[in-house]
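Colleague: Please take me closely through one part of this model, its surface, and set that part in the context of the fold around it. I would like one connected account rather than a list.

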Amino acid sequence: MPAITFTPSPVPFPKKTLPLLCALMLQKAIIVTPDPSAPATRGQEIDHVPRSVSLALRSDL
């Protein structure tokens, strides 16, 4: 039986570094000027606003 040899092809990766772009945004939404029909909402937090948003991207693409 003939011998089978395997020669790996050159791989363009890995690089020594992996450039990344990361961000973290923090926010808080407070009612400053309430609707005239609901004045008791002044100073309360809006419940459907995310408190934190994060993002990570590879910057070499």
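Modeller: Contact here means heavy atoms within 4.5 Å. On that basis, among contacts in the protein between residues at least 6 apart in sequence, 59% join residues at least 24 apart. Please keep in mind throughout that this is a predicted model.

The setting of the surface can be given briefly. The protein has 2 strands and 0 helices, and of its 61 residues 3% count as buried. Its accessible surface comes to about 5900 Å², and carbon and sulfur atoms account for 64% of that area.

The strands are β1, covering 20-26, and β2, covering 52-58. They run antiparallel and are joined by 7 bridges, and within this pairing A23 stands opposite L55 of β2. At one end of the range given for β1 is L20, a residue of that strand, and its C-alpha lies 4.6 Å from the C-alpha of R58, although 38 residues separate L20 and R58 in sequence. L20 is itself exposed, because its relative accessible area is 52% and the cut-off for exposed is over 50%. As for β1 as a whole, the number of buried residues among its 7 is 0, so the strand lies largely in the open.

Against that background, the surface feature to look at is a nonpolar patch formed by L21, M25, V53, L55 and L57, which together have about 410 Å² of accessible area. Both strands take part in the patch, since β1 and β2 each supply at least two of its residues, but β2 gives the most, with 3 residues. One of the patch members, L55, is also the residue of β2 that stands opposite A23. Another member, L57, has its place in strand β2, and its relative accessibility is 42%. L57 therefore counts as partly exposed, because that class covers values between the 20% limit for buried and the 50% limit for exposed.

The surface also has a charged feature to set beside the patch. A search of the whole structure finds 1 salt bridge, in which the side chains of R51 and E45 meet at 3.0 Å, N to O. Both partners are partly exposed: R51 has a relative accessibility of 48%, while for E45 the relative accessible area is 35%.

Between β1 and β2 runs a loop, and T33 is found in it. With a relative accessibility of 69%, T33 counts as exposed. T33 and G43 are 10 residues apart in sequence, and their C-alpha atoms are 8.6 Å apart in space.

Taken together, then, the part you asked about is built around two antiparallel strands, both of which contribute to a nonpolar patch on the surface, in a protein where 3% of the residues count as buried.

Definitions and conventions
Residues are numbered from 1 along each chain as its sequence is written. This is a predicted model: local features need pLDDT of at least 70, side-chain atom pairs count only at pLDDT 80 or more; totals for chains, interfaces and linings use all residues. Side-chain values use heavy atoms; hydrogens and water are left out. Helices (H or I, at least four residues) and strands (E, at least two) are DSSP runs, numbered from the N terminus. Buried means under 20% relative accessible area, exposed over 50%, partly exposed in between (1.4 Å probe, protein chains only). Accessible areas come from the Shrake-Rupley method with a 1.4 Å probe; for residues, only the protein chains shown count as cover. Patches are made of residues with over 30% relative accessible area and no salt bridge: like charges are joined within 9 Å, nonpolar side chains (Val, Leu, Ile, Met, Phe, Trp, Tyr) within 5 Å. A salt bridge is a side-chain nitrogen of Lys or Arg within 4 Å of a carboxyl oxygen of Asp or Glu. Two strands pair if DSSP finds at least two bridges between them.
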